[in-house]
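Dear colleague,

I am passing on the structure we spoke of, together with some notes on what was found in it. Please look through the structure first and then read on.

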Amino acid sequence: MAEQQDFLERFYSVIPAGGIGSRLWPLSRADAPKFLHDLTGSGSTLLRATWDRLAPISGPDRIMVVTGRAHRAAVEAQLPQLTDANVVLESEPKDSSAAIGLAAAILVRREPDVIIGSFAADHVIADIRGFRRAVVEAVAVADAGYIATIGITPTEPAIGFGYIHCGSRLDIPSAPTAVMVDSFVEKPDLVTAQGYVDSGDYLWNGGMFISRADVLLTQLGETEPEMLAGLTELAEAWDTPRRGAVVDRVWPGLTKIAIDYTVAEPAAKAGRLAVIPGEFDWDDVGDFAAIAKLHSGGRKSDLAILGENARVLADASTGIVISQTGRLISLIGVTDIVVVDTPDALLVTTSANAQRVKAVVDALKLSGRSDVL
């Protein structure tokens, strides 16, 4: 127990709060991204719920949030316990390698033996105890020198998630369920996904990474040495008056790439990545079909309605309605419908086509319609 307490005392949570969540347009926008919305009806935004899961594990004074400059005020309003020293602002989005790598580089200078865990700001997890158990095991694995991730035990052959192929079991006393990662698999088709689930050898990739900060940075440097050099320069200036000038010079030149490609996949190939099977419920709320499922308990016979002033009349209709206007919305005889009504944009689609909303956002970008993005 004393050993467990020791490695947990070195644990620091990192919350990358970036990304617009383009599959949730027009609800999620550049100035009001997905993580700042309450999508579960709990009264808490996804960001606040993430904080509340992590604070009992690392302590509220050991949580760092990496977010865009434009979101600082909203993030600090959501998280009043967040200290200035633990707010890391990006001048422009550079994806997860730069965001998590910078957090690691800053924290390792402040605390050389720190263990960090990165947890997305926009995921939904209700089983707090199950989540904590998995995180504690992952920290133990990180303490042993591995990079760890938490994979989610599949409940269905989902085609919207990446998968982790599990390998041999690790012998770490404080992490009895830990296994090595054989490989990562991109989003499969339905037949392949069903085979993964039936085999019992695959987990969903939840995008959670736990590691000693120095180990993570070493792995990142093997793949992207120029990025590591830039992040090291940023970290050296971070707690000094030179920060602003160095950020403006270095940050724009960093490669925009996900941490899956710079750290996770190379670490798996090198035999340095382990996974803890997470037995807790999990959803990345990737599209409106996922939100509808959250609110209906998976029952397709229900109509989910979100919005403080939503006014909906429905007859023999199913799906989801999200309203920010107070305008009366009437649905008659439509199934699996998605209606998102905002003051300046209206989306109407179906659950089956919810993943295609991103294409609308891409088209709006190409047409220069940034006023609704």
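The notes below go from the overall fold to the cores, the aromatic rings and a few single residues.

Please keep in mind throughout that this is a predicted model. The chain has twelve helices and 15 strands, and its C-alpha atoms fill a box of roughly 60 × 50 × 35 Å along the principal axes. For 373 residues a compact globule would be expected to have a radius of gyration near 21 Å, and the chain, with 21 Å, agrees with that. Buried residues account for 51% of the 373 residues, while the surface that the chain exposes comes to about 16,500 Å², of which carbon and sulfur atoms supply 51%. If one takes the contacts between residues at least 6 apart in sequence, 67% of them join residues at least 24 apart.

Turning to the interior, the largest nonpolar core holds 53 residues, and those that touch the most other members are L47, F119, F131, V141, I150, I210 and F280. Helix α5 (residues 128-143) gives this core its largest share, namely nine residues. Apart from this core lies another one, of 49 residues, which includes V14, A235, V247 and V263.

F280 deserves a closer look, since its surroundings can be listed: leaving aside neighbours within four places in sequence, F280 is in contact with I125, D127, G130, F131, A134, I150, I152 and M208. F280 also belongs to one aromatic cluster together with F119 and F131. Over the ring of F131 sits the charged end of R53, at 5.7 Å from the ring centre.

With ring centres required to lie within 6.5 Å of each other, the count of aromatic pairs comes to seven. One of them is formed by F161 and W204, which meet edge-to-face, at 4.8 Å centre to centre and with 65 degrees between the planes. This pair links distant parts of the chain, as F161 is in the loop between β5 (147-152) and β6 (163-169) and W204 in strand β8 (residues 202-212), 43 residues apart. Both F161 and W204 are buried. W204 forms a further pair with W282, this one tilted, with 6.3 Å between the centres and 45 degrees between the planes. Because W204 lies in strand β8 and W282 in the loop between β9 (273-278) and α11 (288-296), the pair ties together parts that are 78 residues apart in sequence. W282, like W204, is buried.

The loop between β1 (11-17) and α2 (46-58) contains H37, which counts as buried at 13% relative accessibility, the cut-off being under 20%. Beyond neighbours within four places in sequence, H37 is in contact with L27, S28, A32, T45, L46 and Q324. P26 is also found in the loop between β1 and α2, and the peptide bond from W25 to P26 is cis, with omega near 5 degrees.

Lastly, there are two backbone angles to check. Most residues other than glycine have a negative phi. D95, in helix α4 (residues 95-110), has a positive phi of about 75 degrees, and at 37% relative accessibility D95 counts as partly exposed. D336, which lies in the loop between β13 (328-332) and β14 (337-342), has a positive phi near 50 degrees and counts as partly exposed at 27% relative accessibility.

With best wishes

Note on methods:
Residues numbered from 1 in each chain as written. Predicted model: local features only at pLDDT ≥ 70, side-chain atom pairs only at ≥ 80, totals over all residues. Heavy atoms only, no water. Phe/Tyr/Trp six-rings, centres within 6.5 Å; stacked < 30°, edge-to-face > 60°. Helix = DSSP H or I, 4+ residues; strand = E, 2+ residues; numbered from the N terminus. Buried < 20%, exposed > 50% of the residue type's maximum accessible area, 1.4 Å probe, protein only. Lys NZ or Arg CZ within 6 Å of the ring centre and 35° of its normal. Rg over C-alpha atoms; globule rule 2.2 N^0.38 Å. Contact = heavy atoms within 4.5 Å. Areas by Shrake-Rupley, 256 points an atom, 1.4 Å probe, with all protein chains shown as cover. Core = buried A, V, L, I, M, F, W, Y, C linked by side-chain atoms within 4.5 Å.
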